[in-house]
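Colleague: Before I trust any description of a fold, I would like to hear how each word is justified. Could you take me through it slowly?

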Amino acid sequence: MQNESLNPKVKFEPNEYPLDPGVRLLEASAGTGKTFAISHLILRLITEKNLSLKKILVVTFTEAAAAELKSRISHRIELALAGLELLEKKEVIQPVDDVLDKWLLKEGLNEAKRFNYANSLLQALEEIDSSEITTIHGFCRRSLMKEVLSSNSSLDPGIDTESRTQIQEIIHQYWREQVTSLDLSDLEGLQDAGISINSLIEILIKVDNDPSLELTRNKSLINTNNSLESQFNQWVYNCWEDFKYNWEKDGYHLENELRSIAERFRCQGVKDTKPFSPKPKKDRYQIISRWINEMQQNNLDELNRLTPKYGKIRNQRLFIDYFHPEKISSLLYKLDENNIDLPRHKLQLSIAQLWDIPAERALSHAIGWGLEELERRRSQQGKISYGGLIKALDPLRSSSQLHQNLRSKYKVAFIDEFQDTDPIQWRLFKHLFGVGNNHLLLIVGDPKQSIYRFRGGDLRTYMKARDDAERIDELLDNFRT
């Protein structure tokens, strides 16, 4: 975190605000005139900096907000032109608002300046319909259309507005072709772990919509080109063998150490150490040992290995209710924050893996397969998702030439509603306009109004950008109250 003195807060003064290059933050709570401020700064950029509206990029989060911004900017330009015309005729300026009135008296009294400003504003009105005042996704789509060769996109990629329907079809296909091929007990184990058709649909929708989410998997362990069934038995077998080895070595000691931890807390006056007790009624070590022997009887997998099915593993509730490391770690964290070392950690890790890993890898296989099938279908249809638009311009994925072209095209970039920006979006705009001394990058937002977490908006991104800002201005006057 930077020292507050390095990016001090000041009250926003619309007619004095510096327009030179840099990364700046404008914090505007609801009702403080954020759209008014953006409109006035764009008026000043067009006139005082003689900047074509084509050189100014303004992005926000919804089509409605973009339309409102464009309308307000156009109206601001018209009001300024009317005021300059009155000054040209040496007539009394009709009061509009205090900010514009002061600007006209400050900037419009010089005849030559007044003439140049009027010409610039007239040109801006002609350009307003084609101006880049749009959503972030609209900006990405238009940029990709102009850079077909660099982006490897179709000439006019359509937005996939039926993604939920496609994802539902894909997951039903996956379930039918992959999941139903599993042994019934394995399927029951996956369902016990929360894997269902509906859960896979929702997860795939979330991963597809949120460009900041990345699905990472060890392709040597989870290969979407191979069937789930051919890999699932191996995952269970590996976890089972590792668990058995560690249980035979440390199972007795783990049970005794869990009892000792409960006794230590009871001696300290702690009454509730559930599920652990100094003198339990059941010998859980013996219960699990006998259960292991039972599982070794006639539970042959396809390769004639003595391995229980995943459903039988998930039916052994002592794993999740007692021996799973989350149980003892939760108790230790609650009662003794300075000492949360897990007893017999290798055994506890193997228990957690036996319980969780088969389901986690099956989930990864399903989502990976689903994403690949979704991308294949979209490629055939010439479509792209909203998340795909952002990813296609991500500096970590797209060409440097594409970014250089965008840097050359724009001199100023406004990011409205910045509190709802995700990490990839900020990485993109900072890479384009926040490096060097050639651009003004003005981010406008209010962390109290963040609403788009489901799209990947992250307040940590806002706070990081806040630290990067060279200057922070606040709109303090609320005009709604």
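**From contacts to one helix**

Modeller: This is a predicted model, and in it residues 24 or more positions apart account for 81% of the contacts that have a separation of 6 or more.

Colleague: What makes two residues count as being in contact here?

Modeller: A contact requires heavy atoms within 4.5 Å, and it is by that cut-off that the 81% was computed.

Colleague: How do you know whether the protein matches a compact globule of 481 residues?

Modeller: Such a globule would have a radius of gyration near 23 Å, whereas the protein has 31 Å, so by the globule rule the two values do not match. The C-alpha atoms, taken along the principal axes, fill a box of roughly 100 × 60 × 35 Å.

Colleague: Which helices and strands make up the secondary structure, in number?

Modeller: There are 19 helices and nine strands, and helix H9, residues 197-209, is one that we can check by its length.

Colleague: How do you know that the span of H9 agrees with its number of residues?

Modeller: At 1.5 Å a residue, its 13 residues should span 18 Å, and because the end C-alpha atoms are 18 Å apart, the expectation and the model agree.

Colleague: Why are some residues of H9 called buried?

Modeller: Buried means under 20% relative accessible area, and in H9 the residues called buried are Ser199, Leu200, Ile201, Leu204, Ile205, Val207 and Asp208. Their cover includes helix H7 (163-177), helix H15 (345-381) and helix H16 (386-393). Across the protein, 50% of the 481 residues count as buried.

Key. Residues are numbered from 1 along each chain as its sequence is written. This is a predicted model: local features need pLDDT of at least 70, side-chain atom pairs count only at pLDDT 80 or more; totals for chains, interfaces and linings use all residues. Side-chain values use heavy atoms; hydrogens and water are left out. Helices (H or I, at least four residues) and strands (E, at least two) are DSSP runs, numbered from the N terminus. The expected span of a helix is 1.5 Å times one less than its number of residues. Buried means under 20% relative accessible area, exposed over 50%, partly exposed in between (1.4 Å probe, protein chains only). The radius of gyration is taken over C-alpha atoms; the globule rule is 2.2 Å times the number of residues to the power 0.38.
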